[in-house]
Amino acid sequence: MQRVDVVIPCYNYAHFLEECVGSVLSQAGVDVRVLILDDCSPDNTPEVGKALASRDKRVTYRRHTANKGHIATYNGGIEWAGGDLFLLLSADDYLLPGALGRASELMRNHPNVGFTFGNALIAEPSGVSKRVDPLGDNGVAPMQVLSGPQFIRLSGANNLVPTPTAVIRTTLQKQVGGYHKELPHTGDMEMWLRLASHAGVGYINQDQAVYRRHASNMSLQYYGQSILPDLRQRKQAFDILFRQGAESLRKDEKLRRFLARDLGKEALRLAGMAFNNFDIATAMAIQRFALEVSPEVRNSLPWIKLVCKQTIGPKYWYALNSIGRRVAG
C-alpha cells in the first residue's frame with residue numbers, strides 16, 4: 001500500500017478536528033499518517049489534538065508557540081511529509097470514504113501524474129449540501145488524466161481544484177517547494193498551476209471530500225472585504241508560473257496570452273457585479289485592472305456590456321433589468 005501523509009492545519013477549529021481526523025484514519029487501501037499542526041489556537045485544540053494522538057499511533061500533534069499564519073503552517077507540513085503521497089486537509093473539512101484509495105490507484109497506474117483532484121460537496125450552514133463538479137458531469141470518465149497544459153487551460157483565471165481533494169506526489173511537492181507568502185489567498189491556485197507545469201494531473205469524477213462553508217471561513221471573509229486584491233494575486237500567480245514553472249512552459253507565449261485574456265474577462269465579470277451592487281468606484285477600478293492585464297478585452301462582449309451599463313447609469317440599468325425580469329416572469 002502507498003503511504004499518504006495528511007497534514008491538518010488547525011486554527012480555532014477544535015470542534016471540527018475529531019471528524020476531520022477520523023475521516024482520514026478510516027480510509028481503506030492506503031497507509032495513512034496524520035500530523036495535526038495547531039497554529040497556536042486560542043480554543044481547546046490542544047486538548048482535542050493530544051487526545052486524538054494518544055488514541056492512535058498514526059496521529060501526531062504539534063503546536064506552534066506563536067501564531068505563524070496559514071502559509072507558514074502549510075510549508076511546515078510539507079517539510080514533515082515523507083510518504084508516497086501528500087494531502088493538506090483543513091481541520092474544518094473532511095474526506096469521504098474511498099477518497100485516498102481512488103487517488104492512490106490512479107497515481108500508481110499513471111506515474112506521470114503529479115497530483116489528483118476530484119469532486120467535492122460544499123456543506124452550507126443551513127445544512128444543505130451542493131456538489132462541485134470541476135469538469136462537469138456530462139460524458140466525463142470516472143478517472144482521467146490531463147496533461148499539464150490541458151489542466152492549466154481548463155483552470156484559466158480560476159481555481160479549478162477543490163482543495164481538500166488534492167492528493168500530491170510527495171517527491172514532486174518537495175521538488176517544486178512550498179507556498180508563497182505573498183499569495184495568502186491564491187496560494188492554492190498558484191500551487192496547482194506550478195505542479196501542472198511539471199507533470200500530468202489526474203481527475204476523479206467522484207465525491208472525494210466535504211468542504212464546510214461557514215462564517216469564519218478565511219476565503220469568505222476575504223471576498224467580503226475586496227475583490228480587486230484577489231484579482232491582483234491571481235495575476236501574481238501567473239507571473240510566478242511563467243517565472244518558476246517548467247522551462248518548456250516559460251516559453252509558451254500563446255498560453256501566457258490566453259491566461260491574461262481569461263483573467264481580464266473574469267475581472268470584467270466581477271466589475272459588472274460590483275456595478276450591479278451600485279459600487280461604481282470598485283467597478284471602475286476592476287475595469288482598469290482588466291485593461292491593464294489584457295488590453296484586447298476592450299473588444300470583448302463583457303467590456304461592451306459594462307460600458308453600456310455605465311452609459312445608462314446604475315439607477316436606470318437596475319430599472320431596465322427589473323422590467324425585463326417581470327416580462328420574463
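# Close-up views of a predicted model

**View 1. One helical turn separates Lys235 and Asp239 in helix α9.** Lys235 and Asp239 are 4 residues apart in helix α9 (residues 228-244), which means that about one helical turn lies between them. Please keep in mind, here and in every view below, that this is a predicted model. The two side chains form a salt bridge, and their closest N and O atoms are 3.2 Å apart. Lys235 is partly exposed, with 27% relative accessibility. Asp239 is partly exposed too, with a relative accessible area of 35%.

**View 2. Glu266 and Arg269 form a salt bridge in helix α11.** Here the closest N and O atoms of Glu266 and Arg269 are 2.8 Å apart. Both residues belong to helix α11 (residues 253-276), and because they are 3 residues apart, about one helical turn separates them. Is Glu266 buried or exposed? Glu266 is buried, at a relative accessible area of 9%, whereas Arg269 is partly exposed at 45%. The view can be widened to take in Asp230 and Arg234, since a network of salt bridges links these two residues with Glu266 and Arg269.

**View 3. A salt bridge joins Glu19 to Arg212.** The closest N and O atoms of this pair are 2.2 Å apart. Glu19 lies in helix α1 (residues 14-25) and Arg212 in strand β10 (residues 200-212), so that the pair links distant parts of the chain, 193 residues apart. Glu19 is partly exposed, with a relative accessible area of 41%, while Arg212 is buried at 16%. For the wider picture, the model has a count of 18 salt bridges.

**View 4. Phe289 is buried in helix α12.** This residue is found in helix α12, which spans residues 280-293. At 1% relative accessibility, Phe289 counts as buried. Which residues is Phe289 in contact with, leaving aside its neighbours within four places in sequence? They are Leu228, Leu231, Arg232, Lys235, Leu263 and Ala267. Lys235 may look familiar from the first view, where it forms a salt bridge with Asp239. For a sense of scale, the C-alpha atoms of Phe289 and Lys50 are separated by 48 Å, and the two residues are 239 places apart along the chain.

**View 5. Strand β6 pairs with β10, β9 and β7**. Strand β6 runs over residues 113-123 and is mostly covered, with 11 of its 11 residues buried. With β10 it pairs in the parallel sense over 10 bridges, and Leu121 has Val210 of β10 as its bridge partner. With strand β9 (residues 167-169) the pairing is antiparallel, over 2 bridges; in this case Phe115 is partnered by Ile168.

**View 6. A hairpin connects β6 and β7**. Strand β7 covers residues 129-132 and pairs with β6 in the antiparallel sense over 4 bridges. Ala123 has Ser129 of β7 as its bridge partner. How many residues lie between the strands of this hairpin? There are 5, and Gly127 takes a positive phi near 100°.

**View 7. Residues 218-224 have pLDDT under 50**. Across the chain the average pLDDT is 91, and 95% of the residues score at least 70. Over residues 218-224, by comparison, the score stays under 50. The model has 13 contacts beyond four places in sequence for these residues. Where pLDDT is low, the predicted coordinates should not be read in detail.

Notes. Residues numbered from 1 in each chain as written. Predicted model: local features only at pLDDT ≥ 70, side-chain atom pairs only at ≥ 80, totals over all residues. Heavy atoms only, no water. pLDDT = per-residue confidence, 0-100. Contact = heavy atoms within 4.5 Å. Salt bridge = Lys/Arg side-chain N within 4 Å of Asp/Glu carboxyl O. Buried < 20%, exposed > 50% of the residue type's maximum accessible area, 1.4 Å probe, protein only. Pairing = 2+ DSSP bridges.
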